[in-house]
Every structure is written in C-alpha cells, then in structure tokens.
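Thanks for coming, everyone. I'll walk through one protein structure in a few minutes. Let me put it on the screen.

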Amino acid sequence: MHYIDLGIFVGYMLIMLGVGYYFMQKNKNQDDYYVGGRNIGSWHIGLSVVATDVGGGFSVGLGGLGFVMGLSGSWMLFTGLLGAWLAAVFLIPRVKQDPAFANFYTFPQIFKHLFDRKVGIVAAVICLVGYLGFTSSQLLAGAKLASGTFEELDINHALWIMGAIAVIYTVLGGLKAVIYTDTVQWIILMLGFIFIGLPIAYFHVGGWEVIRQTLPDEFFTLTNLRWQDFANWGITILPIWFIGMTLYQRIFASRDVASAKKAWFIAGLFEWPIMAFMGVSLGLLSRVAFEQDLLIFDLETLDPEMGLPILLRTILPSGLLGLMMAAYFSAVLSTADSCLMAASGNLSTDIFGKWLNEKSESTQIRYSQLFTLALGAVALFVALQMTNVLELMLYSYAFMVSGLLIPVLFGLFTKKKDPDAALAAMIVGGSVTGGLGLANVNLPLELDPNFFGVFASLAIFLLVYKFKKMKNSK
C-alpha cells in the first residue's frame, strides 16, 4: 500500500471519528441520539436513506452481479425504487400523520401500539437479529474491499479495522452523526464512481469495441436473468421499505410528511437507475479485465465479489486508489452505522425501555452507547464467520420481511388488529424462512424461502383471526 493511499484512507477514517465526537457533544437526549431531533431536511434524509439501503453490501453485491450476469443485475435495485415510491405514497402519510407515533423512536413501538407489548417485544427481537446480520454484511463488504485492494491486509484484519471505525463513531454520535455522514459518504461514493472508477476502468480495458468483443451479447441486455431472480429480489427487497427500522427512524426524524415523501422519491431515483447501473457496470468491466487476463485470480475458487476490488487495485495509481477506497468505505459505513443504530434502538427502547425510562437523560444516552458498542462487537463476530456479502444481506432481509410484513400491513391499513394473530404470524413466518434457509433444500420453482415464509405468515394470521372472531361471536 502506497503511503499516499494509506494517508487518504487513515485521514478519511479520522474525519468520520471526528464527526461522531462532534455530535456526541450535541446530543442532549434520546430524541437527538435516535431520531436526530425530528427536524432533518429532505435531502439529508433522502441521501441517508439511499446510502443506508444500498451501502457497501449492495455496492459489492452489484459488482458481483455485474461480473456474473452483466447489466441485468441492475434489476435487483429496481425493486428498491418500487419499494421507496410505494412507501412514499402509502406508508409515510399513514405513519407521519398519526399523532400516536409522534414520539416514537423505533419500529417495534408501532407494533406495541397496534397490538400489545408482547407483540412489540417479539418484533424487537426479529429486528434486532435481522439488523445484526445486516450490520455484519456491511463489515464483511468493507473487509472484502480492503483485503482485495490492499495485498498486505488479510480479510480478518480488515474486518477488525472496519468494525472498530464503524462502531466507535456510531456509538459516539447517534443518528445525527449517521445521517450527516451518510450524506457526505454518498456524495463521495458517487464522485468516486463517476470521476475515478468507471472512466479509468473503461479506458484500461480498451474502450467500447473491446468490451463488446470480449463478453457475450447477453451481458449488455436487460433480459439476462430468470423470472425467479426478479421474483426473489422483489419478495425480499421491496417489502423492506415497509418494515425496515432504519427507514422508520428516518420517517420519525423528518420535519413533516412532505419532506419525508420527497426524501423517499429522491432515494428511489438514486437507487435505480443511478446506483444500479454504475455498480453493475464496474462489475462488468472487472469481468472484461478478467477475460483479458489483466486480473489474476481463479474464478472457481475466488468469490466473484472480489473481482471489483482486485480490478481497482490493478488499474488505479497511488492517490486515486486511496480516494476510490474512501468512496467505497463510505458506502460500507453509511449502511453499517444505520443498521447498528436500529439494533441499538431495539434494545434501549423496546426491550429495556421501561427500565431506562427511570434513569436521567444523560444516563439513558450512556446506556444507549453501551448497547451500540456491545451489538457492534456481536456483529463483528458474525461477520468473521461468513464469506458472502449479498447472501448474508438477503438472509437478514428475508428473516425480517417474513416475520414482520404481514402483521404491520394488517395493523396499519386494516381493522384486523388481533395480537394473537400478529404474534402467530411473526413466529411462523420468521421460523419458516429461517428453517428453510438453514436446511438449504431445493424449493419448488427455485423460489426464495421468503416466499414460503410470507405466505405462511399470511395464512396463520388469517386463520387465527378468523378462529378468534368465530369464538367471540358464540
């Protein structure tokens, strides 16, 4: 690693820690720590939303998809566009205009309000587990980038570095630090893609004619995927916009309904087509370089997600490599910090909230920081056991979707607000998806386990609700 790249990388990380320390001085209570004082504008919220949702995991994952299937991999984030805009139209007005939610910090508090405390606690546990997995996926994404780019750094050492930076500045600064650094991090990532990564990679592999001659035609179409691919992405990613606690925190942090809706429309457009095509294009260019023997690695033994960082290490000169790595690490940190804040909020508000409410505001913040630190350590441990970023992310998403989607839709948009039905739907849905995923069995039509978890959740909710209604009518 050249000292210029090292200096840029270290300088960037120190700035992130400085932001965390700055906002630590500004946070006066849990309103500041978890929902940013509820007065943040639409552009900061919108860029934070897309930075959180796409982040390092999808950045690395998109590179892997571009390497394997070309431009068609961009459809994965089209589901993000749909989810963001549907949430803007239906979810945000329902949540932001309801005075009962005005002082909430977390998503499970909505479950507690709609159903009962027991349902709220189960929702908190599901969110906690899901976001720990998601945080781990981001740390793993950063470690892959670092170890693939800097030969002197193995993946475990890279994980320890990424984990320490992400956890410490999130512990210090809370949601304000997260949202404002997300804005800067997303701008850095976009500039890195547009002015460094894409143009240098494009010219390095020989330009358009060489690219077309190197890869088969299907890499340049939007139809190089099976319907199962799009369906599996849709059932896993689209619903997250209705059950993602990081997103509810930002709804709560928005000034009003109009600014929140604007933020979600901004986020959707940045997801697809902007980020989607830039991510898969870099992955496609890394495949071109691989086919030209410009990248030396064994495709049968090395994860395709490593193609992108190895490409950057190969083509970028000193200085520019450090800037591009800062851009990618921005994406990683922008998601890891948000997911860590979500999991911490579950512990401090939904599980230990009754006990913490008896403490002073300064003590509440200290305990919140302690929870964030402990959960960050757990997420780092999980990341050390995993190998595939996109797989870990989608497992985490699927577990939350299958457990939480059906109850929250019935609770927010219908009059069917039965706690027993909600509890059964959460347990059955999450268990089916988790069980099928761990069993690693071949499912009908090659569909994702999440399909079966969501439909099991829907069936048990309706069954329990109808049974209780019949019982009460007698």
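Start with Trp-85. It lies in helix H4. Keep in mind that this is a predicted model. Is Trp-85 buried, exposed or something in between? Trp-85 is partly exposed, because its relative accessible area is 34%, and the buried class stops under 20% while the exposed class begins over 50%.

Trp-85 has company on the surface. Together with Leu-82, Leu-86, Val-89, Phe-90, Phe-265, Leu-269, Leu-409 and Phe-413, Trp-85 makes a nonpolar surface patch of about 740 Å². Three elements give two or more residues to this patch: helix H4 (75-96), helix H12 (257-291) and helix H17 (389-413). Which of them gives the most? That is H4, with five residues.

Now the wider view. The protein chain has 19 helices and zero strands. Of its 474 residues, 60% are buried. The accessible surface of the chain comes to about 18300 Å². Carbon and sulfur atoms account for 65% of that surface. Next, contacts. Take those between residues at least 6 apart in sequence: 85% of them join residues at least 24 apart.

Gly-244 gives one long-range pair to look at. Gly-244 sits in the loop between helix H10 (240-243) and helix H11 (245-253). Its relative accessibility is 0%, so Gly-244 counts as buried. How far is Gly-244 from Asp-53 in space? The C-alpha atoms are 9.6 Å apart, with the two positions 191 residues apart in sequence numbering.

On to charges. Side chains of opposite charge can pair when their charged atoms come close. A search of the whole structure finds seven salt bridges. I'll show three.

Arg-212 and Asp-217 form one of them, at 3.1 Å from N to O. Arg-212 is partly exposed, because its relative accessibility is 33%. Asp-217 has a relative accessible area of 52%, so Asp-217 is exposed.

The next one pairs Asp-229 with Arg-226, also through side chains, at 3.1 Å from N to O. Is Asp-229 buried or exposed? Asp-229 is at 19% relative accessibility, so it counts as buried; the cut-off is under 20%. Arg-226 is at 38% and therefore counts as partly exposed.

The third is within a helix. Glu-291 forms a salt bridge with Arg-287, and the closest N and O atoms are 2.8 Å apart. Both residues lie in helix H12. They are four residues apart, about one turn of the helix. Glu-291 is partly exposed at 37% relative accessibility. Arg-287 is buried, with a relative accessible area of 16%. Elsewhere, Arg-226, Asp-229 and Glu-446 are joined into one network by salt bridges that share partners.

Asp-229 also takes us to helix H9, residues 227-237. Why call H9 largely enclosed by the rest of the structure? Because nine of its 11 residues are buried. Among the buried residues of H9 are Gln-228, Asp-229, Asn-232, Trp-233 and Thr-236. Gly-234, Ile-235 and Ile-237 are on that list too.

Next, helix H18, residues 419-439. Does its length agree with expectation, or disagree? With 21 residues at 1.5 Å a residue, H18 should span 30 Å. Its end C-alpha atoms are 30 Å apart, so the two agree.

Look at both ends of H18. At the start, a side-chain oxygen of Asp-418 reaches to within 3.1 Å of the backbone nitrogen of Asp-420. After the helix comes Asn-440, with a positive phi near 55°. In between, the buried residues of H18 include Ala-421, Ala-422, Leu-423, Ala-424, Ala-425 and Met-426. Gly-429, Gly-430, Thr-433 and Gly-437 are buried as well.

One last stop, just past where we began. Asp-98 lies in the loop between H4 and helix H5 (108-114). Asp-98 counts as buried, because its relative accessibility is 17%. What does the side chain of Asp-98 reach? It reaches the backbone nitrogen of Ala-100, at 2.9 Å.

To recap. The chain has 19 helices and zero strands. H4 leads the nonpolar patch with five residues. The search finds seven salt bridges. And H9 is largely enclosed, because nine of its 11 residues are buried.

Definitions and conventions. Residues numbered from 1 in each chain as written. Predicted model: local features only at pLDDT ≥ 70, side-chain atom pairs only at ≥ 80, totals over all residues. Heavy atoms only, no water. Patch = residues over 30% accessible without salt bridge, like charges linked within 9 Å, V, L, I, M, F, W, Y side chains within 5 Å. Areas by Shrake-Rupley, 256 points an atom, 1.4 Å probe, with all protein chains shown as cover. Salt bridge = Lys/Arg side-chain N within 4 Å of Asp/Glu carboxyl O. Buried < 20%, exposed > 50% of the residue type's maximum accessible area, 1.4 Å probe, protein only. Expected span 1.5 Å × (residues − 1). Polar contact = N/O pair within 3.5 Å; in protein donor to acceptor, adjacent residues only side chain to side chain. Contact = heavy atoms within 4.5 Å.
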